Amino acid sequence: MELSFLRVAAIVPQVNVADCELNVKNIVACAHKACEAGAKVLLYPELCVTAYTCGNLFSQSVVQRKAVESLCEIKNATSALDCVLVVGAPLKVGVALYDCAVVMSKGEFIGVVPRTYITANDKKWFVSGTNNVNGLVKIGEDEVAFGTDLLFVQDDVKIGIEIGSDMMAPVAPSVNAALNGANVILNLSATNEELGMQKSIRDKVKALSSQYAAGYVYASCGYGESTTDLVYGGKAIIAENGKVIAENTPFSGGDDIVIADIDVELIDVERSNNSVFVDFASEYGQRYAEVAIEGLNLKNENSDGIKRYVEKSPYLPKDEDKNALCAEAVEIQVMGLMRRLQFTGIKSVVIGVSGGLDSTLALLVCHKAFTRLGYDYKDIVGITMPGFGTSGRTYNNALNLMSELGISQKEISIKDSVLQHFEDIGHDVNVKDVTYENSQARERTQILMDYSNRCNGLVLGTGDLSELALGWATYNGDHMSMYGVNAGIPKTLVQELVRWFAYNSGNEKVESILLDIVDTPISPELTPADEQGNIKQKTEDLVGPYELHDFFIFNVMKYGFSPRKVYGLANEAFAGEYDDETIKKWLRTFYRRFFTQQFKRSCLPDGPKVVSVSLSPRGSWVMPSDASVKMWLAECDSL
């Protein structure tokens, strides 16, 4: 399945100083292993052909000559491999010696990039490649493109190269490479160890991949380098767009190979959505020479799946960041509501409290906003409106939570008014169809709106981002409010935030209530419960698991991925939890509902953006209500 992944390998081979024969043997052996694992671009450390720590031996003609011979040996020994090798070696051009990255593939040298910025110590042997552009270098009998202005290209894969401390320059070579279209940067490095250096390099690689919206592959020399004064631990890192997707544990004492799939399509989407990057590239990008990579397909399908971690819950904060990020999400909601209340001068809020997740989060956010503003909690009016499907569990949780929070409570049953409405419109109460369900939702909204007029209050919306994406809301029912405080929160994050409130409440009763709400099946409770009073109408049985839909929302809205790619990613992320057919079924459901329910999102109330996507029709998600879903469903059906 073509998913626009480029499989790369960061390789740290064991070396001996000035022992090119052994080094070539290990470089070639690692190449075979990496290619067997499907890697298409193989990155080796700086000067690995000779070893980095040769010192004054770099000036010896024997070392210089043997380096060239070794490169030819590597080229010939890997000619049958379906991959590109990027190997570090010293090369003499004229009277100058350069620290180079030599690129070869299918038995051919295709380019050489010299190091740009040379550290004080290395200046004893090497000169800068700064002024080398559009040049040629001879390796054996071959004349090869030589310069700092080379990009290695195949279709939408564009590879730029920098060496070692180039990455530390205020304006690194990779800046120009990225501005000229390089979406994968390779760094052949030789970083010696000192306390904290591993983290420093890791952070730098992450930062550069984020700054460039690119893949950044880093391989630094390791075991076998001279330890006369310094130790080289052999760090290999593969990062993408600010995240490390694969890395090794250094100090392995032998060969080390790290392999991962870089998502080239994701990188290009991130760049195209970043107008600052696009404008800067247009204004400051310098012209680079593009060297074609031929004779192999860099992105051919790998039968062993995707070699990268695919996050199945993209909206959930990781454990180490959970408390801070949950607090930040809540603060965004609280700040939005505070400003709306202060601007309007309204000091009363009306909320329909059902005992479900969404209304609970809205109530907790409102309570926190009132605390910050110094408003009276009694001016929060929580209205519970039991109907035909209300269960004892949600009803009691709603009442108990409102009591513990000290807000005003009001109970208004909708049963009689809805029955009267059925009689007025001629609907049989025994026909539990969409009219039966939506009439209840609209009756509740009418009560909230009218009661807010009575107390000069603001109706706080409770619907979340996932419900809006699926259109799981009654038009002009729970779809409507005066401020949708949850509109930017996907369902999986709603659950996490309610749990966060529970553990940070400082009140055992509130904690117990909130945790029970989190554990309650998600339901609109619009059809009667079973004989034991348990919830019978479960949302996820009807529209699909919210963890799948939140995954779809993220990849479809943020990256614009095709159904084929979303399906492939979901299969990887949810392997062992959902089978292929189940994922396909709910993906089709997602696209169908996402398109057909746009009309509900075209007239959404105001509400704050919280995560990286938003469905606000006021600029965040602009989509016609009558857009056809035919192409997306056709691709789903072809999976």
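**Entry 1: lining of the largest pocket, by element.** I looked up which element gives the largest share of the lining of the largest pocket, and found α7, with 5 residues. The model I am reading is a predicted one. I then listed the elements that each supply at least two residues of this lining: α4 (197-212), β13 (243-247), α5 (264-272), α7 (322-344) and α16 (546-558).

**Entry 2: centre and volume of the largest pocket.** I noted 39 lining residues for the largest pocket. Nearest its centre I recorded Lys243, Glu311, Pro314, Lys318 and Phe554. For the space in this pocket I entered about 1,300 Å³.

**Entry 3: classes in the largest pocket.** I sorted the lining of the largest pocket by class and obtained 22 nonpolar, 4 polar and 13 charged residues.

**Entry 4: the second largest pocket.** I turned next to the second largest pocket, which holds about 1,000 Å³ of space. Its lining comprises 49 residues. Which of them lie nearest its centre? I found Ser354, Arg444, Asp478, Ser523 and Pro524 there.

**Entry 5: elements around the second largest pocket.** I recorded α11 as giving the most to the lining of the second largest pocket, with 7 residues. The elements that each supply at least two residues of this lining are α8 (357-373), β17 (380-384), α9 (392-405), α11 (434-454) and β19 (458-461).

**Entry 6: classes in the second largest pocket.** I asked how the residues of this lining divide into nonpolar, polar and charged. I counted 20 nonpolar, 20 polar and 9 charged residues in the lining of the second largest pocket.

Notes:
Residues are numbered from 1 along each chain as its sequence is written. This is a predicted model: local features need pLDDT of at least 70, side-chain atom pairs count only at pLDDT 80 or more; totals for chains, interfaces and linings use all residues. Side-chain values use heavy atoms; hydrogens and water are left out. On a 1 Å grid over the protein atoms alone, a cavity is a set of points where a 1.4 Å probe fits but cannot get out, and a pocket is an open set with protein on both sides within 12 Å along at least five of seven lines; lining residues have an atom within 4 Å of a point. Grid points are joined across faces, edges and corners, and a volume is the space filled by probe spheres set on the points. Helices (H or I, at least four residues) and strands (E, at least two) are DSSP runs, numbered from the N terminus. Ala, Val, Leu, Ile, Met, Phe, Trp, Tyr, Cys and Pro count as nonpolar, Asp, Glu, Lys and Arg as charged, and the others, Gly among them, as polar.
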